Protein chains: 2
Amino acid sequence: MEKPLSPRSAAKRAAMLDAAQRCFLESGYASTSVDEVATRAGVSKATIYAHFASKDDLFGAIICRRCDDQAEGLSSLTLPDSSEARTILTAVAQRLMALFLAPEVMGIYRIVIAEAPRHPELAKTWYEAGPLRGKQRLCEVFDDMKRRGMLDFVDTRRAVDAFISMLRGECFHRVMIDLPPNPHFTVEATIETAVDFALKAFAPSQG
Amino acid sequence: MEKPLSPRSAAKRAAMLDAAQRCFLESGYASTSVDEVATRAGVSKATIYAHFASKDDLFGAIICRRCDDQAEGLSSLTLPDSSEARTILTAVAQRLMALFLAPEVMGIYRIVIAEAPRHPELAKTWYEAGPLRGKQRLCEVFDDMKRRGMLDFVDTRRAVDAFISMLRGECFHRVMIDLPPNPHFTVEATIETAVDFALKAFAPSQG
DNA sequence: CACAAACTAAACTAACCAGTTTAGTTTGTG
DNA sequence: CACAAACTAAACTGGTTAGTTTAGTTTGTG
């Protein structure tokens with residue numbers, strides 16, 4: 001199923017995808033012109049249309065590449081082997097926050113939200129490869145902590161969802177809509193608050 | 001400072017804003033043409049440019065009108081006068097979820113996120129008139145509950161932020177990116193989970 | 001009814017864009 | 001060196017767009 005792409009072609013293809021991603025994240029889907037992508041990629045427009053059927057197809061290829069990257073990054077995610085719930089939750093929260101706030105991830109997120117009404121299949125692909133897999137992975141971690149008596153909750157998926165959601169608070173929101181950071185809602189404070197609340201809400205009953 | 005707009009003009013203006021909002025929410029900012037707004041508003045293009053300096057200005061007017069509406073809606077928000085923390089939190093959560101998921105609110109939210117990099121002033125205006133005011137209002141509610149011994153927390157703003165964020169979980173997310181609803185994450189389940197966790201995390205110490 | 005403000009349709013400018021085509025050049029391979 | 005695949009610049013098609021202008025019409029008000 002894989003095409004045996006010549007190294008020259010593969011390099012051009014990567015240059016096109018890089019340029020296109022930068023353009024789309026900067027200007028949005030509709031305002032990005034294929035001519036500009038070609039110029040920024042150092043490639044002729046005809047070459048773009050030799051690799052991609054349409055502007056839409058090029059857009060799709062970017063989302064898919066991002067998904068592949070995400071899937072790889074997730075599987076190589078390691079956590080400290082601690083018996084302290086706080087230690088593990090904090091490590092998880094730090095990794096998630098770093099991921100959420102990475103400019104590239106944030107840019108893709110913004111554009112997926114913006115284009116979801118016009119490109120629902122892409123939104124679905126992105127969601128399943130990214131957020132959904134991340135939550136599944138976190139469910140395993142939470143289940144493991146429950147088994148070890150470190151946490152307690154009724155429904156794993158809802159607990160994980162609540163924990164992740166607390167990380168996407170004011171701090172995240174401000175970055176997302178390009179507002180200056182609020183010193184009361186730093187990354188560190190967000191992590192600490194979320195972990196504190198989770199430890200209380202998921203505290204195993206004594207006995 | 002207010003213009004004494006003739007009733008005829010005011011009606012036309014409202015029609016233009018309504019049509020523009022529908023267009024922008026449907027197609028996004030860049031893909032909406034002023035000609036189409038004019039047609040949908042039943043107005044000539046020249047009239048649009050007599051009322052608004054540019055397409056950008058028209059866009060700004062929509063966000064501002066939305067902000068005014070939101071500010072009005074917030075001040076008239078009433079809560080049950082209960083002594084049960086669960087009752088009050090559930091009522092708050094229900095009102096917030098209904099607000100978040102309302103198609104118009106969701107549409108504006110999507111477009112503000114999408115256009116934030118290109119229209120940071122508008123994002124700021126929207127944020128301060130909407131989410132920020134809402135959080136301030138909720139801070140008062142939380143402080144009041146703390147005073148009455150119904151809840152306990154160290155930092156009001158962080159507690160409120162965490163509570164609101166839990167409402168913006170998988171259910172909200174799916175609506176935002178046009179994915180079919182997940183029966184495990186209904187609106188009711190989201191509210192119940194958030195309230196349950198908040199009650200545990202903010203439980204006043206016995207004594 | 002007269003007058004001015006607000007409106008209308010329609011044409012126009014000057015630019016932009018997705019996608020194709022053409023004719024010629026570079027590049028790896030046998 | 002010969003050949004085919006991949007590439008290039010540039011022109012071109014058919015269409016769209018923001019914003020302006022023009023000449024004429026509707027509308028409320030004195």
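Okay, let's start right inside chain B: the buried residues of helix H8 there are B:Thr156, B:Ala159, B:Val160, B:Asp161, B:Ala162, B:Phe163, B:Ile164, B:Ser165, B:Met166 and B:Leu167. Buried here means under 20% relative accessible area, exposed is over 50%, and partly exposed is in between, with a 1.4 Å probe and protein chains only. That makes 10 of the 12 residues of H8(B), so this helix is mostly covered.

Quick housekeeping. This is a predicted model, where local features need pLDDT of at least 70 and side-chain atom pairs count only at pLDDT 80 or more, while totals for chains, interfaces and linings use all residues. Residues are numbered from 1 along each chain as its sequence is written, chains are lettered from A and ligands numbered from 1 in the order in which they are written, and side-chain values use heavy atoms, with hydrogens and water left out.

Back to H8(B). Helices are DSSP runs of H or I with at least four residues, strands are runs of E with at least two, and both are numbered from the N terminus. The expected span of a helix is 1.5 Å times one less than its number of residues. For H8 of chain B, residues 156-167, that gives 16 Å, and the end C-alpha atoms are 17 Å apart, which agrees. At the N-terminal end, B:Asp155 acts as a cap, with a side-chain oxygen 3.0 Å from the backbone nitrogen of B:Arg157.

Next, helix H9 of chain B, where we find B:Glu170. Is B:Glu170 buried or exposed? It counts as buried, at 2% relative accessibility. Its side chain makes polar contacts, meaning pairs of N or O atoms within 3.5 Å; within protein, one must be able to donate a hydrogen and the other to accept it, and residues adjacent in sequence count only if both atoms are side-chain atoms. One partner is the side chain of A:Tyr127, at 2.9 Å, and another is the side chain of B:Arg174, at 2.8 Å. Leaving aside residues up to four places away in sequence, B:Glu170 touches A:Tyr127, A:Lys135, A:Asp161, B:Asn182 and B:Phe185, where contact means heavy atoms within 4.5 Å.

How do the two chains relate? Chain A can be laid on chain B with an RMSD of 0.1 Å by a turn of 180° and a shift of 0.0 Å along the axis. That is the relation of a two-fold axis. The copies are superposed by least squares on C-alpha atoms of residues with pLDDT of at least 70 in both. And the same surface serves both copies, as 100% of the contact residues of chain A recur in chain B.

Now the DNA. Which residues come nearest to strand C? Of the 18 around it, they are A:Val34, A:Lys45, A:Lys55, B:Lys12 and B:Thr47; near means a heavy atom within 4 Å. Sugar and phosphate make up 68% of the atoms of DNA strand C that come within 4 Å of the protein. A phosphate oxygen of DNA strand C sits 2.4 Å from a side-chain N or O atom of B:Thr47, and for B:His51 a polar side-chain atom lies 3.1 Å from a phosphate oxygen of the strand.

Last, an oddity. Most residues other than glycine have a negative phi. A:Asp178 has a positive phi of about 65° although it is not a glycine. A:Asp178 lies in the loop between helices H9 (170-176) and H10 (187-201) of chain A, and it is partly exposed, at 38%.
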